[in-house]
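Grab a pencil and open the structure viewer. Try each exercise yourself before you read its solution.

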Amino acid sequence: MDNREEVWKKKRCGRFTSSSLAALMKSGRGKDLIWGDTAINYLYEKVYERRTGRPVRSEDNKNFRWGHEQEPLAIAALRANYPEYTFMHCQEDYNDIVFVVPKDLECFGDSPDFYVVEPLSGKIMELGEIKCL
């Protein structure tokens, strides 16, 4: 694991992330069960991470690596097909790890794959997530 990935995992540690919000939406199988096993396990995972300061999940699996490797190609396709926009790849176009934590919601964070920025000012207009299938 390279240093950037290690920093990224530390920033995510103990926080609910956009990529895992679906886990919290899983309801239980019984009509009286609000939380499903997936949601409860995710909650316990975040509690463990907050207490220990160590990430539980290893995002290093075959699908994750493949998607990670394809992101630059997807960004290149966006740039080629939409030249009127400026796309900034969060993995390659920034020196620091891009991980956004809202001021009023410290338990949540997001690391977008790219930003669409205003060419002259550099102001972020949109953010995006790439899913490579």
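**Exercise 1.** Decide whether tyrosine 42 is buried or exposed.

*Solution.* Keep in mind that you're working with a predicted model.
- Step 1: look up the relative accessibility of tyrosine 42, which is 1%.
- Step 2: compare that with the cut-off, where buried means under 20%.
- Step 3: tyrosine 42 therefore counts as buried.

**Exercise 2.** Work out what kind of aromatic pair phenylalanine 16 and tyrosine 42 form, and where the two residues sit.

*Solution.* The search for aromatic pairs gives a count of 4.
- Step 1: for phenylalanine 16 and tyrosine 42, the ring centres are 5.5 Å apart and the planes make an angle of 65°.
- Step 2: planes over 60 degrees apart count as edge-to-face, so this pair is edge-to-face.
- Step 3: phenylalanine 16 belongs to strand 1 and tyrosine 42 to helix 3 (residues 37-52), so the pair links distant parts of the chain, 26 residues apart.
- Step 4: phenylalanine 16 has a relative accessible area of 17%, so this residue is buried.

**Exercise 3.** Do the same for tyrosine 94 and tyrosine 115.

*Solution.*
- Step 1: their ring centres are 6.0 Å apart with the planes at 90°, so you have an edge-to-face pair.
- Step 2: tyrosine 94 is in the loop between strand 2 and strand 3, while tyrosine 115 is in strand 4 (residues 114-117), so the pair ties together parts 21 residues apart in sequence.
- Step 3: tyrosine 94, at 24% relative accessibility, counts as partly exposed, whereas tyrosine 115 is buried at 8%.

**Exercise 4.** Find which parts of the chain are tied together by the salt bridge of arginine 15 and glutamate 106.

*Solution.* Side chains of opposite charge can pair when their charged atoms come close. The whole structure has 6 salt bridges.
- Step 1: in the bridge of arginine 15 and glutamate 106, the closest N and O atoms are 3.4 Å apart.
- Step 2: arginine 15 lies in the loop between helix 1 and strand 1 (16-17), and glutamate 106 in the loop between strand 2 (86-89) and strand 3 (108-109), so the bridge ties together parts 91 residues apart in sequence.
- Step 3: arginine 15 is buried at 18%, but glutamate 106 is partly exposed at 46%.

**Exercise 5.** Say how many residues separate lysine 9 and glutamate 5.

*Solution.*
- Step 1: these side chains meet in a salt bridge of 3.6 Å, N to O.
- Step 2: both residues lie in helix 1 (residues 3-12), 4 residues apart, or about one turn of the helix.
- Step 3: lysine 9 is buried at 12%, and glutamate 5 is partly exposed at 22%.

Conventions. Residues are numbered from 1 along each chain as its sequence is written. This is a predicted model: local features need pLDDT of at least 70, side-chain atom pairs count only at pLDDT 80 or more; totals for chains, interfaces and linings use all residues. Side-chain values use heavy atoms; hydrogens and water are left out. A salt bridge is a side-chain nitrogen of Lys or Arg within 4 Å of a carboxyl oxygen of Asp or Glu. Buried means under 20% relative accessible area, exposed over 50%, partly exposed in between (1.4 Å probe, protein chains only). Rings of Phe, Tyr and Trp (its six-membered ring) pair if their centres lie within 6.5 Å; planes under 30 degrees apart count as stacked, over 60 as edge-to-face and the rest as tilted.
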